[in-house]
Structure formats: C-alpha cells, structure tokens
Amino acid sequence: MENNDRRKFIKKVGMGAAAIGAGIASSAVPAMAKEKTYRWKMVTTWPPHFPMLGESADKIAQWVDEMSAGRLKISVYGGGELVPPLGTFDAVSQGTVEMGHAASYYWAGKCPAAQFFAAVPFGFNAQSINAWILSGGGMKLWEELYAKFNMKPFLAGNTGVQMGGWFNKEINSMDDFKGLKMRIPGLGGKVLAKAGGSAILMAGGDIYTNLERGVIDATEWVGPFHDLKLGFYKAAKYYYYPGWHEFGTAFELMVNLDAWNSLPDDLKAIVSAATYKSNIWMLSEFEAKNNAALRELIDVHKVQLKEFPKPVVKELRKLSTEVLEELAASDPDSKKVYEAFLAFQKNIHAWNKLTEEPYQQLKNL
Ligand code: CA
C-alpha cells in the first residue's frame with residue numbers, strides 16, 4: 001500500500017484502523033511467546049509434598065504444565081528447600097522466585113491486613129470467603145494490598161471448618177484458658193492471650209514432640225485428616241470442636257508482578273484456571289476425607305471428642321471482635337479491609353439466615 005493510499009485508508013476507517021493495528025500487534029506477541037518455554041520456581045510454607053497443602057502446590061504446577069502443553073514449567077520447593085518457609089513472602093515480593101504458596105495470615109508482621117484473606121476468628125467459612133473474595137469485592141482489595149509488595153494473589157485452596165484442637169485438660173469455662181500454653185497462630189493466638197493463655201508459635205514439625213513433653217498443653221492444626229497422620233492423639237486426650245478461630249482457612253498462590261506481566265495472556269488464563277481448580281480440589285478432599293479420619297481417631301485410638309461449651313464460645317467471640325477492632329485501629333489497610341469484611345459478613349449472614357440455617361436445621365428432621 002502506497003503512503004497516500006494508507007493515509008486514505010486510515011482516514012476512512014478512523015478509529016477502526018487503530019483497533020486493527022493493535023489486533024495485529026497483539027496477535028504477533030503470542031505467536032512468538034508460544035515458542036518460548038517459561039521455567040518458574042514456586043516456594044511454599046509447607047514441608048515438601050505435605051498432604052493436601054504441599055500436594056495442592058504440586059498439583060497447580062502439574063495442571064499448568066498440562067494445560068500449557070509444557071510451555072510454563074513450575075518447579076515446586078517445600079519450605080526450607082530454597083528459602084525458609086516464612087521467607088516465601090519476601091522471595092516472591094523481591095522476585096527471587098516467581099511464585100509462592102502459603103496462607104496469607106502468616107504475613108501478619110509484614111502486611112497485617114493480609115490475615116483477612118486466610119482466616120480470622122469467627123470469620124467466614126469456605127463458601128463465604130469464596131463468595132467474598134471471588135465475587136464480593138474481596139479480590140480487588142487483596143490485589144491492591146499485594147501490589148504494594150509487587151505481587152498478585154490468587155485464591156488456591158480451603159481447609160473447610162477446622163477443629164478446635166487437642167487438649168490435655170478439659171475446657172469447661174474461660175478460667176481453663178488461664179495459663180494454658182497452646183500452639184495457636186495469628187489472631188486466634190491473640191484471642192487466647194486475651195483469655196489469659198499463652199499462644200506459642202512453632203513449626204508444624206515440632207508440635208508433636210512439644211505436646212508430648214508438656215512444653216505445650218494444647219495445639220491446633222487443621223482437622224482429623226492431618227491430625228491422624230501427625231499422631232496428635234498419642235500426645236493429647238481431648239479433641240475439641242469447633243475451630244472457632246478458623247472456620248474455613250483459605251490458601252493463596254502469590255505471583256511476582258513483574259513475572260506475571262511477562263506472561264502471554266493464555267498462560268495467565270491457565271495459571272488463573274489452575275488456582276480455581278486447586279481451590280475446589282482442596283476443599284473437596286478435606287470435606288470428603290475428614291470424617292473417616294475422625295471415626296478412626298475415635299473408634300480405633302479412643303480419642304475423646306468434646307464440644308467447647310456455648311458460654312465459652314460466646315466469650316471467645318466477644319474477645320475476637322476486640323482483637324479485630326484493635327487490628328483495624330492499628331493499621332489503615334486493616335481498617336479498610338475489615339470494613340469491607342464486615343459489610344460482606346452482614347450481607348452473607350442475612351442470606352444464610354434464609355438458606356444455610358434452615359438447611360442445617362431441616363436436614364436433621
Ligand atoms: Ca489451624
């Protein structure tokens with residue numbers, strides 16, 4: 001096309017020409033990108049291939065490999081293999097690696113508001129946190145928050161409602177928390193401290209020995225599926241429910257933003273699809289397998305299952321609200337996310353009153 005003709009053509013189609021030009025340019029990029037194999041690293045906060053949690057990180061890498069026909073290869077590293085488990089956040093933020101798999105409440109010290117996107121005491125269950133983050137505005141807040149650390153978050157799994165934990169003494173009243181040394185992380189730990197106990201932090205691998213030796217009196221982890229494997233029943237008598245501090249803990253896949261921006265659109269869509277798959281895969285695994293593990297704990301290992309007394313749970317709820325309000329008052333990002341969390345909680349509770357609550361009552365008729 002001669003220059004004069006080209007000018008006429010552009011004038012004729014006006015803005016359409018710009019769109020066509022852009023179309024040609026962007027379709028040329030994926031054609032080149034399709035020849036390129038991306039080799040990424042994912043670090044995790046879990047022991048290598050740890051059931052469900054490390055396993056879901058492995059699966060994300062496997063699914064991305066399959067869906068991309070090998071164009072995005074992700075090597076997964078357990079905690080400590082490349083960086084320490086709690087070094088995951090900085091490694092992704094600084095671009096040492098492209099991806100990290102974790103639970104966002106581990107980052108309370110660096111980014112306190114991140115805790116709302118994993119679990120807060122008396123917060124959302126799996127269904128509600130999915131609704132909030134994926135369809136109720138939560139993801140926008142999470143993305144804004146992580147953009148400050150040059151990262152993009154994805155929702156990547158959920159434990160479902162957790163158990164309250166393993167105890168060597170009965171919890172009959174709030175007084176029983178006084179002086180209790182319990183492994184319970186994050187905001188749940190702050191609630192325990194308000195109740196007069198001491199929240200002790202330790203890596204997952206150290207819990208059993210410390211419980212057995214009496215260094216701690218109690219511990220929580222996730223639920224029966226893991227607890228049976230970890231052998232906590234050999235070191236504690238009572239297994240309490242419900243997990244008031246974690247009604248449905250969400251897991252995250254963090255991606256370094258520079259790495260993310262370097263990916264062609266189809267690989268971005270594949271990473272996003274793999275996290276959606278992981279999110280439902282993990283919850284389904286826990287929901288399908290927890291009860292069989294619980295039966296084995298009770299029938300074979302003679303564990304004593306106990307429910308926290310209602311007045312105790314009510315008081316814990318009161319203390320939890322105080323903890324969340326203190327968090328919101330201490331940090332502007334937490335305040336913003338807490339307000340959105342409360343607004344969505346009000347919305348979902350109103351709907352659940354007509355749906356989930358009757359379902360829970362009517363199914364037992
Ligand atoms: Ca837990």
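Met52 sits in the loop between strand 1 (38-44) and helix 3 (53-67). In this predicted model, Met52 has a positive phi of about 65°, although Met52 is not a glycine. With a relative accessibility of 0%, Met52 counts as buried, because that value is under 20%. Asn150 is another residue with a positive phi, here about 60°, and again it is not a glycine. Asn150 belongs to the loop between helix 6 and strand 4. Its relative accessible area of 25% makes Asn150 partly exposed.

One more backbone detail is worth a look. Tyr241 and Pro242 are joined by a cis peptide bond, with omega at about -5°. Pro242 is in the loop between strand 9 and strand 10, and the place of His245 is in the loop between strand 9 (238-241) and strand 10 (250-256).

**The calcium site**

Which residues coordinate the calcium ion? The donors are Gln162 through OE1, Glu220 through OE (listed twice), Trp221 through its O atom and Glu246 through OE, at 2.1 to 2.9 Å. Along the sequence, these donor residues follow the spacing Q-x57-E-W-x24-E. Distant parts of the chain are linked here: Gln162 comes from the loop between strand 4 (151-158) and strand 5 (165-167), while Glu246 comes from the loop between strand 9 and strand 10, and the two are 84 residues apart.

Glu220, for its part, is in the loop between strand 8 (218-219) and helix 9 (224-230). Are the side-chain donors Gln162, Glu220 and Glu246 buried or exposed? Gln162 counts as buried at 2% relative accessibility, Glu246 is buried with a relative accessible area of 2%, and Glu220 is buried with 1%.

**Around Glu220 and His245**

Besides coordinating calcium, Glu220 makes polar contacts through its side chain. One goes to the side chain of Arg183, at 2.7 Å, and another to the side chain of His245, at 2.7 Å. Not counting residues up to four places away in sequence, Glu220 touches Gln162, Gly164, Gly165, Met182, Arg183, Ile184, Pro185, His245 and Glu246. That list includes Gln162 and Glu246, which are also calcium donors.

His245 is buried as well, since its relative accessibility is 3%. Leaving aside neighbours within four places in sequence, His245 is in contact with Ala119, Val120, Pro121, Met163, Gly164, Ile184, Gly188 and Glu220. Gly164 and Ile184 are among the contacts of His245, and they are among those of Glu220 too.

Here are the accessibility values for several of the residues discussed, for quick reference.

| Residue | Relative accessible area | Class |
|---|---|---|
| Met52 | 0% | buried |
| Asn150 | 25% | partly exposed |
| Gln162 | 2% | buried |
| Glu220 | 1% | buried |
| His245 | 3% | buried |
| Glu246 | 2% | buried |
| Leu365 | 85% | exposed |

**Helix 6 against helix 13**

How are helix 6 and helix 13 arranged where they pack? Helix 6 (residues 138-147) and helix 13 (residues 332-354) meet at an angle of about 170°, and their axes are 11 Å apart. The two helices are therefore roughly antiparallel to each other, as the cut-off for that description is an angle over 145 degrees. On the helix 6 side, the contact involves Leu141, Glu144 and Leu145, and these meet Asp333, Lys336, Val337 and Ala340 in helix 13. By class, the contact has four nonpolar and three charged residues, with no polar ones.

**The chain as a whole**

Stepping back, the protein contains 14 helices and eleven strands. Its C-alpha atoms fill a box of roughly 90 × 45 × 40 Å along the principal axes. Of the 365 residues, 49% are buried. Among contacts between residues at least 6 apart in sequence, 77% join residues at least 24 apart.

Finally, Leu365 is found in the segment after helix 14 (356-362), and Leu365 counts as exposed at 85% relative accessibility. How far apart in space are Leu365 and Val120? From C-alpha to C-alpha the distance is 32 Å, with 245 residues separating Leu365 and Val120 in sequence. Val120, in turn, is one of the residues in contact with His245.

Notes:
Residues numbered from 1 in each chain as written. Predicted model: local features only at pLDDT ≥ 70, side-chain atom pairs only at ≥ 80, totals over all residues. Heavy atoms only, no water. Helix = DSSP H or I, 4+ residues; strand = E, 2+ residues; numbered from the N terminus. Buried < 20%, exposed > 50% of the residue type's maximum accessible area, 1.4 Å probe, protein only. Contact = heavy atoms within 4.5 Å. Axes fitted to C-alpha atoms, helices over the stretch in contact; angles between N-to-C directions. Parallel < 35°, antiparallel > 145°, perpendicular 65-115°, else oblique. Nonpolar A, V, L, I, M, F, W, Y, C, P; charged D, E, K, R; others polar. Donors = N, O, S within 2.8 Å, 3.2 Å for Na, K, Ca; no water. Polar contact = N/O pair within 3.5 Å; in protein donor to acceptor, adjacent residues only side chain to side chain.
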